[in-house]
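Let's work through a few short exercises together. Keep the sequence and the 3D view side by side as you go.

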Amino acid sequence: MKILVDADSCPKAARDAILRAIRRTGFQGIFAANRPIPGISNDELCRMELCETHHGAADDRIVELAEPGDLVITRDIPLAHRLVEANISVLDDRGRLYTRENIRERLSLRDFMVGLAEQGLGPERIAGYGKKELKAFADGFDRELQRLIRLARGTGPGSA
């Protein structure tokens, strides 16, 4: 099992929580971005994947590396859609799990909001990430990580 992170937009507090989980579980962690991200060191458990600078390069690399049973952290809804369609678990940095049941609705809403923003009609964005958001992420992250661990061991719902 791998934990892959769309590191460009992942808040530092969430990255730190992910790094702690990687050290605790021994799972491989891969952080993909088109620029170096401070605090990510390359070692036996964790690596930084520096991607080309063109739009979508980090997303494409994550899709290339991810396999069913892995966990991907991203707030990028089109990327999440690609991964969910490939049966890969995806969580955003606020602990929300993207599923086959909710991804199309979220993608549609995202596209609508992008359309509004392109016409100058979008709402103001306030990108706050505090203790409440970190706790929601940590809870969702731990819940999904434990589910994937049980599934990999064959002890969870849906195992053979």
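The exercises below look at strands, a pocket and cysteines in this predicted model.

**Exercise 1. Strands side by side**

Find out which way strands β1 and β2 run, and how many bridges join them.

Solution.
- Step 1: Locate β1 at residues 2-6 and β2 at residues 28-33.
- Step 2: Look across from one strand to the other: Lys2 has Gln28 in β2 as its bridge partner.
- Step 3: Count the bridges. There are 5 between β1 and β2, and the two strands run parallel.
- Step 4: Now follow the chain from β1 to β2. The path goes through helix α1 (residues 12-25), and this β-α-β crossover is right-handed.

**Exercise 2. The other neighbour of β2**

Work out how β2 pairs with β3, and how many residues of β2 are buried.

Solution.
- Step 1: Find β3 at residues 46-50; its pairing with β2 is parallel and has 5 bridges.
- Step 2: Pick out one pair: Ile30 is matched with Arg47 in β3.
- Step 3: Check how covered β2 is. Of its 6 residues, 5 are buried, so the strand is mostly covered, where buried means under 20% relative accessible area.

**Exercise 3. Inside a pocket**

Describe the second largest pocket: how much space does it hold, and what lines it?

Solution.
- Step 1: Start with the volume, which is about 230 Å³.
- Step 2: Turn to the lining, made up of 13 residues; nearest the centre are Asn87, Ile88, Ser89, Tyr98 and Arg147.
- Step 3: Ask which elements contribute. At least two lining residues come from each of β6 (97-98) and α5 (131-153), and α5 gives the most, with 4 residues.
- Step 4: Sort the lining by class: 6 residues are nonpolar, 4 are polar and 3 are charged.

**Exercise 4. Cysteines without partners**

Count the disulfides, then explain why Cys51 is too far from the closest cysteine sulfur for a bond.

Solution.
- Step 1: Recall that a disulfide is a covalent bond between the sulfur atoms of two cysteines.
- Step 2: Set the cut-off: the two sulfur atoms must be within 2.5 Å. By this rule the count is 0 disulfides.
- Step 3: Try Cys10. Its nearest cysteine sulfur belongs to Cys46 and is 12 Å away, and Cys10 is in no disulfide.
- Step 4: Try Cys51. Its closest cysteine sulfur, also in Cys46, is 14 Å from its own, so the gap is too far for a bond.
- Step 5: Finish with exposure. Cys10 is buried because its relative accessible area is 6%, and Cys51 is buried too, at 12%.

Terms used:
Residues numbered from 1 in each chain as written. Predicted model: local features only at pLDDT ≥ 70, side-chain atom pairs only at ≥ 80, totals over all residues. Heavy atoms only, no water. Buried < 20%, exposed > 50% of the residue type's maximum accessible area, 1.4 Å probe, protein only. Pairing = 2+ DSSP bridges. Right-handed = clockwise from strand over helix to strand, strands pointing away. 1 Å grid on protein atoms, 1.4 Å probe; cavity = no way out; pocket = protein on both sides within 12 Å on 5 of 7 lines; lining within 4 Å. Points joined across faces, edges and corners; volume = space filled by probe spheres on them. Nonpolar A, V, L, I, M, F, W, Y, C, P; charged D, E, K, R; others polar.
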